[in-house]
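Please open the structure in a viewer and keep its sequence at hand. The tour below proceeds by selection, one stop after another.

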Amino acid sequence: MFYRYYQTSKITKWIPISDDKTVVERALASSAIKLSILAVSEDVTDATPITSLAYKGHMYFDIDCKEDIPAAIESTKHLVRKLKEMGVPDTYMQVFCSGSKGMHPMVHSHAFSSSRAVRMLPWIYGAMADSLSEFGMDFQVYSAKKGNCWRLPNLKREDGKYRVPVTMEELESLTMEDYAAFVSEPRL
């Protein structure tokens, strides 16, 4: 069994939840606001050796430019262009406006693997991100053990904004004004 972790507030402990196709819905039903990005092979404690863990999940990037959202948008566009040039189809990519400091591009794990569990996956993804580095890319998100978590999409933040998906077509022409409008309400 694989686990992901959720939080019901910024300060609550991470709660384990079994990973399957319904994990997001079950986390939301448990009042989660954040969910870990990767699934991990066992319920992790402080005593769990990092070398015993295997991970699975999509490749993720965090592009943060708190004072310069247009720069985060441009970095994301450039990253997506690089991925396309490498042969990654649009259907394997998903991009979110974080609603805070920038963008969250993701690449489906099928783009470069069988999607099976892999030891050291956060570090592998970190090395991949390093080779694709863009302005504003946060490399601290490639952490081990329970990993990193993101706010679940379409949940209202304390500041009234939302983390929302954008299509590849919307990304191509995305502006700061579009970004502000998109994060002001939930969207499918």
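Begin by selecting strand β8 and strand β9, which form a hairpin with four residues between them. Within that turn, Gly99 has a positive phi of about 85°. Helices (H or I, at least four residues) and strands (E, at least two) are DSSP runs, numbered from the N terminus.

The model is predicted: local features need pLDDT of at least 70, side-chain atom pairs count only at pLDDT 80 or more, and totals for chains, interfaces and linings use all residues. Residues are numbered from 1 along each chain as its sequence is written, and side-chain values use heavy atoms, with hydrogens and water left out.

Next, colour residues 102-107, which are β9; this strand runs antiparallel to β8 and is joined to it by five bridges. Two strands count as paired if DSSP finds at least two bridges between them. Select Met93 to find its bridge partner in β9, Val107.

Now add residues 164-166, strand β12, which pairs with β8 in the antiparallel sense over three bridges. Here Val95 has Val166 as its bridge partner.

How many of the five residues of β8 are buried? Four are, so the strand (residues 93-97) is largely enclosed by the rest of the structure. Buried means under 20% relative accessible area, exposed over 50%, and partly exposed in between (1.4 Å probe, protein chains only).

Move then to helix α2, residues 69-85. Its buried residues include Ile73, Leu79 and Leu83. The buried residues of α2 pack against β7 (63-64), β8, β9, α4 (168-172) and α5 (176-182), where contact means heavy atoms within 4.5 Å. Finish at Gly87, just after α2, which takes a positive phi of about 100°.

Note on methods:
The expected span of a helix is 1.5 Å times one less than its number of residues.
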